[in-house]
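Please open the model in your viewer and keep the sequence panel beside it. The stops below go from the whole chain to its interior and then to its end.

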Amino acid sequence: MHNIPVSTILAFLLITAAPAAADDMYEENDTMLEASWIPFEFGGTVVLSDLAGPGIQADDDWYWFEVENDGVDVVIELEFTHAEGDVDMELVDETETVLDFSDGTDDFELIVYHLPTAGVYFVHVYYGNQGNSYDLRISDESGVFADGFESGDTSRWF
Ligand SMILES: [Ca+2]
Ligand SMILES: [Ca+2]
Ligand SMILES: [Ca+2]
């Protein structure tokens, strides 16, 4: 601190603090290679805001999750306020193929997709770049039906 004017220190703090305030805790995740991990589990539901708070769509946001079983019917829900910035999303596989997308004009986007094989999949949240906050929920159809069970219950119908 010796010989450094206070105004210089304050300016430095403002500059370094600004990016964190403008976006979410999952940055940097602007490309597939930088995608943030979502701890998806078969039969369960994972909610982004329960992990490190809601997302903010100020630039491209990529997330990845792993499916350990073949034939999972994955349900991906995105919630936000459309009036605060249009947000869209797509489901992408490891080969960068877009499997499905949702680009509506309401306060949510929804993708329901049958994943034939186990593997790593990506959710790409993008479009308006207005700094709109959102929540992301990933579940599978068995998770929907298992909602009445206590967490940790591993019982299945099949
Ligand atoms: Ca973000
Ligand atoms: Ca981002
Ligand atoms: Ca949209």
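Two residues are in contact if their C-beta atoms, placed from the backbone, lie within 7 Å. Select the whole protein chain to begin: of its contacts with a separation of 6 or more, 78% are between residues 24 or more positions apart. This is a predicted model, in which local features need pLDDT of at least 70 and side-chain atom pairs count only at pLDDT 80 or more, while totals for chains, interfaces and linings use all residues. Residues are numbered from 1 along each chain as its sequence is written, and chains are lettered from A and ligands numbered from 1 in the order in which they are written.

Switch now to a cartoon view, where the protein chain shows three helices and ten strands (DSSP runs, H or I of at least four residues for helices and E of at least two for strands, numbered from the N terminus).

Next, select Tyr63, Leu78, Val123, Val125, Tyr134, Leu136 and Ile138, which have the most contacts inside the largest nonpolar core, a group of 21 residues. Such a core is a set of buried Ala, Val, Leu, Ile, Met, Phe, Trp, Tyr and Cys residues joined through C-beta atoms within 7 Å, and buried means that 20 or more other C-beta atoms lie within 10 Å of a residue's own. The largest share of this core, five residues, is supplied by β5.

Finally, colour by pLDDT, the predictor's confidence in each residue from 0 to 100, and select residues 145–158, where pLDDT stays under 50. Where pLDDT is low, the predicted coordinates should not be read in detail.

Key
A residue is buried if 20 or more other C-beta atoms lie within 10 Å of its own, exposed if 12 or fewer, and partly exposed in between; C-beta atoms are placed from the backbone.
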